[in-house]
Structure formats: structure tokens, C-alpha cells
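Colleague: I would like a close look at a single part of this model, and then an account of how the rest is arranged around it. Please keep it plain and take the residues one by one.

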Amino acid sequence: MTTLASTRISASIPGSLGVQADLFSLQLTADYLGANSTKLLCPLQAVSSKPAEVEDVFSAVSSWLADHGAAFPMMEMVTYGDYDEYRGVQASQNIKENDVIMSIPEQFMLTERLAMLSEIGKRVHAALPDIYTEDEDHLYLAVYLLDERSKGKDSFWHKYLVTLPTDFTNMAAHWGEKEIETLKESNLYHDIYHSDVTELKEAYHTLCGAVADFCVKHSYDDYIWARLNVRTRLFSAHVDGVLRTTMVPFADMFNHDSENVATWRFDDATRRFEIYAEKPITPGTPITISYGADSNRKLLTDYGFTTDQNPDGSAEVIVKLPEGENADIKALRVSKGGYPDASDLGISFQVPVDSELDDFYAPIRFARVAAATPEELEEIEQGGDSIPSLQCEKDAIKRVQAALVSALHSTPSSKEADEKLLADESLSFNVRNIIRVRHSERQSSLNLLEQLDLLLTLSEVSQAEFNKLRAHSKYAKFADYLESIAELHRRRLAVSMMTDSAQ
């Protein structure tokens with residue numbers, strides 16, 4: 001068992017918060033972290049790793065919040081690791097279900113709207129009125145963070161900004177040759193590293209070319225610091241019915257667990273951002289939230305960590321359209337498939353193993369469009385939402401299976417080799433995470449193949465056999481899908497009976 005060493009430090013959280021917190025050492029072991037899927041969240045390199053200086057920084061930000069009405073009476077912050085480089089939150093007393101653990105006034109919500117309406121936000125919008133990226137909110141927030149940080153102590157957010165980490169060596173943008181080599185071996189290079197780093201560089205250079213003196217004031221490393229802090233610390237919350245993305249001081253100390261004990265909301269009546277308990281919590285228990293039901297690939301890309309035995313596994317599936325067809329048929333498939341950018345390279349789907357999620361069926365829907373005959377293609381619903389025939393469904397499922405098998409064969413390592421690597425305690429944190437993604441996606445691919453085998457059988461058997469199969473417990477999680485296949489069996493039977501009658 002490998003133990004993460006911890007150091008005892010203390011920090012006085014103002015009495016108005018209802019607690020005098022002793023930040024005692026929290027012994028966390030590698031076994032504990034694996035079993036509980038708990039993330040090591042916030043490195044404290046923002047100021048230094050010296051306990052006294054850490055205490056000063058967090059005492060200052062807690063006083064700042066408390067002076068303006070913030071409250072967190074049931075929790076205490078803990079730091080752990082060899083150099084107190086990680087922090088988290090645990091219960092300081094018994095907490096009941098629905099108890100508010102942390103309450104932060106609205107004025108401390110650093111939202112994308114605040115960033116867009118700021119002076120620098122308006123300059124960005126004026127210079128780039130048509131800018132659009134999937135992370136547009138992230139871009140505006142990052143620019144705003146940089147602008148506020150440049151003001152030093154004159155910034156309203158200064159006490160919060162100095163708590164933000166400066167070291168993101170766990171994120172792909174800062175990886176070196178060993179990590180990149182491992183990514184390439186794992187067929188993860190483009191998705192996790194290349195596309196991400198390329199987008200960040202393009203966004204930075206776009207800002208430099210459009211906003212006067214942006215590059216003079218802020219280097220690319222500065223921009224990466226801001227973007228990664230935004231990416232790893234954003235909450236989404238409905239404010240007056242509108243979904244907002246926001247950073248919230250102190251709330252970003254809560255670590256991730258797939259079996260979280262707390263969650264968050266914005267209270268429109270009190271105008272406060274709240275972390276509240278979803279179940280009873282005993283003193284000394286880590287207070288965790290869920291960052292989402294995310295696969296290890298997404299956790300690594302967005303937060304720089306993975307979890308062992310992740311219950312939210314997924315696998316990449318690339319479904320291709322038929323080759324060699326005339327332009328009109330190909331254009332119709334592209335249109336019906338719902339992916340205008342579909343090319344000969346195919347469309348990539350990140351497919352969850354949970355068949356109750358809609359994304360589980362996404363590659364099957366696209367594969368229906370790929371497998372449909374020209375006649376069926378005319379009738380099939382947009383996005384492949386309808387099943388034109390049992391034969392088409394069978395062919396579609398086989399296409400998805402073939403894509404999964406191809407992906408498994410293209411990975412140079414084996415399950416056994418990956419498990420041997422993961423058992424090596426000398427493996428670096430980053431390389432371990434990459435291999436864990438590869439290993440978990442292999443397991444997810446095998447799981448998906450098993451489930452697709454079940455679905456394939458439904459399209460191959462007679463109606464009588466289908467009726468027997470659908471009553472089996474192993475098909476219970478495919479309830480809606482079963483209804484669609486049952487309708488096709490009824491239609492096929494009706495056509496057969498009409499044919500027999502005509503004869």
C-alpha cells in the first residue's frame with residue numbers, strides 16, 4: 001500500500017462562519033483513492049507549498065468571503081500530499097441530507113456573462129463579433145481572468161486569483177515526450193492532445209491578431225494558465241431560468257467522486273450559490289461532488305485525472321458511410337445521417353456502456369443510414385431515428401461491431417500488458433492516466449460488443465423466438481428498443497400473412 005504523506009497545518013476560518021477549523025492531516029492512501037474514485041483536485045502551487053503561506057492565502061480568501069455574507073459552517077479544508085500540494089473538504093460535524101454546506105452570495109459568482117460584459121469582454125466581442133468555439137464561455141472567462149490578474153491587488157478578485165494553481169503538468173497542454181509517445185501508442189493522440197493543443201494555440205493567436213496589446217500583456221503560457229483554470233473549475237447552474245457557467249471561490253475545493261455525497265444549485269430566492277448534502281455525512285468524511293458521469297477519457301481531457309473502476313465507461317466508435325457510391329446517394333446519406341461534415345473517414349462517437357443513455361444508440365442510428373438500401377434511405381427518418389427493416393438493423397449493428405473490433409485490433413497493447421503496466425508503482429502519474437484510459441476503453445469496447453450481440457440476436461430470430469427473448473431479464477434495460485424491434489416483427493408477420501393470402 002502506498003501512502004500519500006500529509007502535513008498538519010491549521011488555518012483559522014473566521015468565527016462568523018460558525019467554525020474554527022483545524023486543518024489536521026488527512027491520511028489518504030492510493031487504495032482509498034482507487035476504491036472511492038476520489039480526485040486529487042487543487043494543487044496549492046499558487047503561492048507556495050509552505051504551510052504558513054498556504055494558511056495566509058486561504059485565511060485571507062475565507063475572511064473576504066465571510067465579510068460579505070458567505071457561510072460554510074459544517075466543513076473544513078484539508079491539505080495533503082508530500083508537500084501539501086492537494087486540498088479538499090471534509091465534514092467538521094454531522095451533516096443531514098439537504099443541509100447547506102456552503103453558501104456563497106451571487107456577487108462572488110464569476111460567470112461567463114460577467115466576463116462578456118466586462119471592458120475586456122466587450123473589446124473581444126467588438127474585435128471578434130462572429131467568434132464561435134465549443135468553449136466560447138471558456139475563452140471569455142480566461143481573458144477576463146488574465147485582465148483581472150494584471151490589476152494585482154486592485155482587482156476585486158485578487159484574493160481568489162492567488163489561490164488558483166499555476167502548475168498544470170497533469171494536463172495535456174503541458175505534457176512532454178513520454179506522455180505524447182504513450183498517447184500515440186494508444187490511438188489517443190489526436191483527441192486528447194493534438195486537437196486540444198491546436199485549438200488553444202489557434203484561439204490565442206486569434207486574440208493576439210484581433211485585440212490590440214493582448215499578446216504584449218499576456219504570453220501563451222499565461223493564456224494556458226487561464227484556460228486550464230477555467231476548464232477545471234467551472235460549474236453550470238440555472239440562474240433565473242438561464243443556464244450559466246461560473247467559477248465560485250472556495251466551491252472549487254470540492255473533489256470528484258462518482259458516488260458523491262453533495263451537489264450544488266443556485267437559489268433564486270436567496271441569490272446564493274449553494275453546496276448541499278444529498279445524503280447524511282459524518283465528521284471527517286470527505287465532502288465530494290460529481291463533475292459528471294464522465295468516462296476516463298473526458299476526465300483526463302477536462303480535469304487531468306482518471307479513476308480506477310470508473311462506472312461511466314465509454315469507447316470510441318468510428319462509423320463510416322459506404323464507399324464508391326454515386327454523389328447523389330452519398331449526399332442523401334450525409335443529409336439523413338445528420339452530420340454535414342461526414343467524410344470518408346467516418347464519424348467518431350464516444351459511446352457509453354450504459355444502454356439507458358441516448359448516446360449508446362447514436363452510432364447505431366448513424367449506421368442505419370449507412371446500411372440502408374437506396375429505397376430505405378428515402379423513407380428513413382432524419383438522424384436514423386427510425387428502423388426501416390430488420391435486415392437494415394442487423395447490418396447496422398454489424399457495422400458498429402466491426403468498428404469496435406477494428407479499434408481493438410489497432411491498439412498495439414493487450415489487456416494483460418496494460419494491467420502489468422498499471423501494477424508498476426514507478427509509473428508516472430500522467431502515463432498511468434493515459435494507460436488507464438486505454439485500458440478502460442478496451443474493457444468498454446468488449447462490454448459494448450456483448451450488448452450489441454444481444455441486440456443483433458433480436459433482429460435475426462423469428463417473432464416467436466423474439467417474444468421469448470424479450471421476456472428475459474437480460475433485455476430489461478433495452479425496453480424502448482424492444483418496442484421498436486417488436487413493431488418490425490409485427491410488420492414482417494403482417495406482410496407474410498398478406499403474401500400467403502394472395503397466393
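Modeller: Leu 482 is a residue of helix H19, which covers residues 479-502. This is a predicted model. With a relative accessible area of 5%, Leu 482 is under the 20% cut-off and so counts as buried. What does Leu 482 touch, not counting residues up to four places away in sequence? The residues are Leu 458, Phe 466, Arg 470 and Tyr 475. Arg 470 is twelve residues from Leu 482 in sequence, and the two C-alpha atoms are 7.0 Å apart in space.

Tyr 475, one of the residues that Leu 482 touches, also belongs to a ring cluster. That cluster is made of Phe 360, Tyr 361, Tyr 475, Phe 478 and Tyr 481, joined by ring pairs. A search of the whole structure gives 22 aromatic pairs. One of them is formed by Tyr 303 and Phe 305, a tilted pair with 6.1 Å from centre to centre and 45 degrees between the planes. Both Tyr 303 and Phe 305 are buried. Another pair consists of Phe 349 and Phe 366: the ring centres are 5.9 Å apart and the planes stand at 50 degrees, so this pair is tilted. Phe 349 belongs to strand S14 (residues 347-352) and Phe 366 to helix H13 (residues 362-371), so the pair ties together parts 17 residues apart in sequence. Phe 349 has 6% relative accessibility and counts as buried. Phe 366 is buried too, with a relative accessible area of 2%.

Helix H13 deserves a paragraph of its own. Is H13 largely enclosed by the rest of the structure, or is it exposed? Ten of its ten residues are buried, so H13 is largely enclosed by the rest of the structure. The buried residues of H13 include two arginines by name, Arg 365 and Arg 368, together with Ala 362, Pro 363, Ile 364, Phe 366, Ala 367, Val 369, Ala 370 and Ala 371.

The end of that list leads to another helix. Arg 333 is found in helix H12, residues 327-337, and at 3% relative accessibility Arg 333 counts as buried. Leaving aside neighbours within four places in sequence, Arg 333 is in contact with Val 369, Ala 370 and Ala 371, and also with Leu 321, Pro 322, Glu 325, Ala 372 and Leu 377. Arg 333 and Ala 371 are 38 residues apart in sequence, with 9.6 Å in space from C-alpha to C-alpha.

Next comes a pair of helices. The axes of helix H7 (residues 177-185) and helix H17 (residues 429-460) come within 9 Å of each other and cross at roughly 10 degrees. Angles under 35 degrees count as roughly parallel, and that makes H7 roughly parallel to H17. On the H7 side, the residues that meet H17 are Lys 178, Glu 179, Thr 182, Leu 183 and Glu 185. On the H17 side they are Asn 430, Val 431, Ile 434, Ile 435 and Arg 438. By type, the residues of this contact divide into four nonpolar, two polar and four charged. Leu 458, already named as a residue that Leu 482 touches, has a number within the range given for H17, residues 429-460.

Two charged side chains sit over rings. The charged end of Lys 184 is over the ring of Tyr 189, at 4.9 Å from its centre. The charged end of Arg 265 is over the ring of Tyr 276, at 3.8 Å from its centre.

Two backbone positions are also worth noting. Most residues other than glycine have a negative phi. Asn 98 is not a glycine, yet has a positive phi of about 75 degrees; Asn 98 is in the loop between strand S4 (86-91) and strand S5 (100-105). Asp 240, again not a glycine, has a positive phi of about 55 degrees and is found in the loop between strand S7 (235-239) and strand S8 (242-247). At 48% relative accessibility, Asp 240 counts as partly exposed.

As for the whole protein chain, there are 19 helices and 14 strands. Of its 503 residues, 51% count as buried. Among contacts between residues at least 6 apart in sequence, 72% join residues at least 24 apart.

Note on methods. Residues numbered from 1 in each chain as written. Predicted model: local features only at pLDDT ≥ 70, side-chain atom pairs only at ≥ 80, totals over all residues. Heavy atoms only, no water. Phe/Tyr/Trp six-rings, centres within 6.5 Å; stacked < 30°, edge-to-face > 60°. Buried < 20%, exposed > 50% of the residue type's maximum accessible area, 1.4 Å probe, protein only. Helix = DSSP H or I, 4+ residues; strand = E, 2+ residues; numbered from the N terminus. Lys NZ or Arg CZ within 6 Å of the ring centre and 35° of its normal. Axes fitted to C-alpha atoms, helices over the stretch in contact; angles between N-to-C directions. Parallel < 35°, antiparallel > 145°, perpendicular 65-115°, else oblique. Contact = heavy atoms within 4.5 Å. Nonpolar A, V, L, I, M, F, W, Y, C, P; charged D, E, K, R; others polar.
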